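Visitor: Please take a close look at the aromatic rings in this model. I would like to know how they pair and where charged groups meet them.

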Amino acid sequence: MNQFWQRAKTYFKTASFSKILKRIGFFFLGFVALSMISSAVLALYFHNNKAEIITRINAKINENITGAIDIGDIKYKFLKGFPNMTLALSQVELKDSLWTVHKRTLLKAEQIEIRIDLWDLLSNEINIGKIEIQNATLHLFKGKDGIVNTNIFRAKPKGVKSKSSTTSSINEIVLDQVHFISENQLGNKLFDFNIIALKSKIVFDDEDWHTKLHLKTLAKNMAFNTRRGSFIKNKIVEGVLEVDFSNQKNQISVTTKNLEIGKELFDIKANFSLDKNYSPFDIAISTTILWKDASELLSANISSRINQFDLKKPINVDCTIIGDMNATGDPEIVVTTKIKDNELKIPDGIISDCSFDASFTNQYKKDAGCNDVNSTITVSNLSGKYKTVPFTIPIGIISNFEKTTAAGSFKSDFNVARLNEIVNKEFMNFSDGQAKVNLEFKFDIVDLKIQKPLFIGNVDVKNATINYGPRNLTFVKTDIQLDFTEEALLIKKINFKDRRNTVFMEGKIDNFLTLYYENPEKMIVNWEIYAPFLDVKQFVGVFASSRQKAPKKQQKKNDFSEELYSVIDKSQMVLNLKADKMVYSKLEATNAKATILLLDNKLIVKNGWVQSSGGTISFDGKLSPNGNNFLLQSNAKINRVDIARFLTSLNNFGIQSFKPKNIKGFLSASASLKGTLLAGGQLKTNSLLGAAKFDVSQGALIDFEPIKNIGKFAFPFRDVNNIVFRNLSGNFKINGDLVHVNDLKVSSSVLNLDVKGVYSFNRGTNLEMTIPLRNPKKDEFITDKIERAERRNRGVVLHLLAVDEDGKIKIRWNKNHK
């Protein structure tokens with residue numbers, strides 16, 4: 001190898017090599033000189049024949065057009081394009097014959113360079129091999145009346161052939177800073193591009209041709225329908241396009257890979273017909289792109305909708321656009337994509353582990369046009385998790401973008417505790433249990449909100465434990481079956497347990513979904529409730545507790561917990577209650593029945609009926625919010641209850657002067673009362689207002705100390721320890737601590753007694769007592785009521801007062817009796 005280099009160095013120093021270098025140098029100098037001389041000769045030729053050349057150029061142009069061309073000046077470009085001649089046409093304007101009508105100049109350029117074949121020129125022929133347009137505006141126009149500004153090319157005589165029907169002999173085109181506009185008012189289409197640079201060398205094959213188009217342009221507007229907005233608006237488009245022209249099809253085909261639009265890369269295949277009357281086109285686009293980046297490339301009517309959503313990872317998208325450049329309205333647009341293990345953002349939250357197939361078309365029905373009304377999005381095999389709750393949508397269709405509707409099916413199977421990620425735990429807390437959902441759905445979408453929803457199917461929950469925080473309700477080992485029909489929501493198998501209560505519930509809500517989303521205050525929930533045992537105080541405390549606010553955690557807009565709480569709070573409930581056994585404090589009852597209405601946090605009881613203390617009690621009532629407490633209104637009828645048991649269960653109404661053990665008999669009564677109920681369900685002491693009547697049959701007063709004390713002196717020979725009543729009845733008005741005794745009549749085995757006045761549960765008792773001293777024992781044998789009444793007040797009659805002295809009842813003479 002070293003020997004080779006040594007020989008080469010020796011040869012480079014020889015005289016023969018020096019001669020070769022000189023010859024090469026002389027050759028290049030000669031070539032440059034020849035080029036300079038030839039260019040000078042061409043310049044001289046152009047100067048001497050300028051008028052003739054311009055005439056030939058005009059003739060060449062005019063033999064192909066019917067409009068008017070105006071060229072400001074023509075100059076020769078020295079050396080450029082050698083050995084051919086390059087001419088620069090400045091201030092060029094090209095107009096069609098109808099310019100005065102539409103006022104759109106087809107071409108206006110500061111400079112157009114054309115390269116002319118020198119040998120053809122010397123043969124009196126003008127063949128343009130290259131055209132370069134600089135700083136120009138090319139404006140294609142079609143008006144609403146069908147007038148165009150492109151009818152400038154003359155029809156070729158029959159039998160005359162050229163290399164191409166579209167390019168004549170031009171085989172290279174260059175555009176530099178050209179503003180291209182295609183304005184189709186009839187079809188509402190507008191394509192507006194600032195072409196920064198375009199280079200194209202054309203290869204002819206008989207009447208067909210092929211080119212690689214190097215393009216860089218700013219897309220100011222690409223509107224297939226100007227009323228819908230522009231695609232790729234204000235985006236830079238750059239790449240290489242393979243363009244083919246087929247004379248037989250009269251069609252241009254375009255193919256490109258990795259065409260850069262903005263910052264995204266696209267593969268595109270397109271075909272454009274050049275027919276004047278019917279000019280169909282089809283464009284196929286493929287890319288991998290982020291959702292938000294894709295939205296930026298779409299027209300406003302589409303992006304405004306899909307911007308409400310987002311996908312975290314890039315997606316593969318295929319799009320086809322099929323239409324007619326001469327037709328009105330939108331082209332057909334079909335978009336398809338397959339999503340795998342992505343994260344979908346929706347207005348209400350995020351769906352993780354999301355996979356689905358989706359397609360969009362604006363021509364769902366082939367004969368209904370390409371428009372928003374006929375647009376649909378079809379989603380299939382969608383699976384994912386909302387928070388931690390998994391679900392699938394085997395099929396879903398969103399239709400009609402003007403009056404949007406959604407329809408499809410929804411399935412889910414999950415542990416109920418996962419709902420804690422969706423619902424605020426302070427509002428509802430879930431544990432245990434499994435839920436299965438199988439629903440068919442259909443609803444309207446207005447401003448991304450659900451309206452007029454329809455669900456058909458069922459939701460099954462097994463062995464769940466649910467706590468409803470605002471009312472401290474706990475549902476344990478609960479089976480819930482929700483059946484959605486077109487008419488109603490059927491709620492089955494709900495078990496409620498709260499400390500001592502066990503309740504089984506079934507419900508029905510007519511027109512549930514429409515009312516839920518539109519008029520929750522008109523929603524009526526009809527419950528059938530059965531309880532083996534029910535503590536009324538706790539039950540009332542739960543359903544009529546003070547109004548509590550929805551949970552105060554920081555919540556997102558349209559929070560589901562707050563929305564659900566609002567619906568529950570506004571809805572009306574009708575509870576048809578049956579209980580085998582129920583208690584209120586110490587009052588026990590069996591076979592209870594009642595209809596309970598919950599309306600605006602009011603509790604209304606109708607047709608209440610129980611068996612208690614050996615008799616029956618029927619009642620109506622109402623609880624209304626009043627600050628932290630509730631106002632109670634009640635009407636009750638008592639029929640033959642054991643008076644001792646009844647008074648014991650009601651804590652003797654707070655009366656301290658005698659005990660339930662002192663009285664026997666059967667009580668019948670009626671009352672209309674108002675009072676205050678505390679939030680826990682306890683009656684506020686001495687808050688009652690109203691009136692009452694009572695009657696005791698088969699009654700007896702046993703070991704009642706005040707009577708025994710009087711009997712020692714007044715009736716020493718009568719049995720005051722066991723006083724049997726033939727008649728014990730009264731008529732009262734109640735005002736807090738005070739009971740106004742209008743008429744209390746006692747007919748007993750020891751004495752008869754009439755009482756009027758005021759009895760106080762605290763202080764202020766003042767009762768007038770009329771007591772005939774005659775022994776009434778024999779009166780029980782008198783069957784005539786009139787005779788018995790006449791005998792009642794015969795003999796000595798005592799008029800006494802029972803008054804309050806230092807909190808104790810004292811008996812004294814009533815000197816002012818009537």
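**Aromatic pairs and charges over rings**

Guide: F455 is buried, its relative accessible area being 15%. This is a predicted model. The partner ring belongs to F441, which also counts as buried because its relative accessibility is 12%, under the 20% cut-off. Two numbers describe such a pair of aromatic rings: the distance of the centres and the angle of the planes. For F441 and F455 these are 6.4 Å centre to centre and 45° between the planes, and the pair is tilted. The angle is neither under 30 degrees, as stacked would require, nor over 60, as edge-to-face would require, so the label tilted follows. F441 lies in strand β20 (residues 434-446) and F455 in strand β21 (residues 449-468), so this contact ties together parts that are 14 residues apart in sequence.

The structure holds twelve aromatic pairs. Another of them is formed by F224 and F231, with 5.8 Å centre to centre and 70° between the planes, and is edge-to-face. Both F224 and F231 are buried. These two residues also belong to one aromatic cluster, formed by F191, F224, F231, F272 and F281.

Charged groups meet rings as well. The charged end of K95 sits over the ring of W99, at 3.9 Å from the ring centre. An arginine provides a further case: R640 has its charged end over the ring of F666, 4.5 Å from the centre of that ring.

Notes. Residues numbered from 1 in each chain as written. Predicted model: local features only at pLDDT ≥ 70, side-chain atom pairs only at ≥ 80, totals over all residues. Heavy atoms only, no water. Phe/Tyr/Trp six-rings, centres within 6.5 Å; stacked < 30°, edge-to-face > 60°. Buried < 20%, exposed > 50% of the residue type's maximum accessible area, 1.4 Å probe, protein only. Helix = DSSP H or I, 4+ residues; strand = E, 2+ residues; numbered from the N terminus. Lys NZ or Arg CZ within 6 Å of the ring centre and 35° of its normal.
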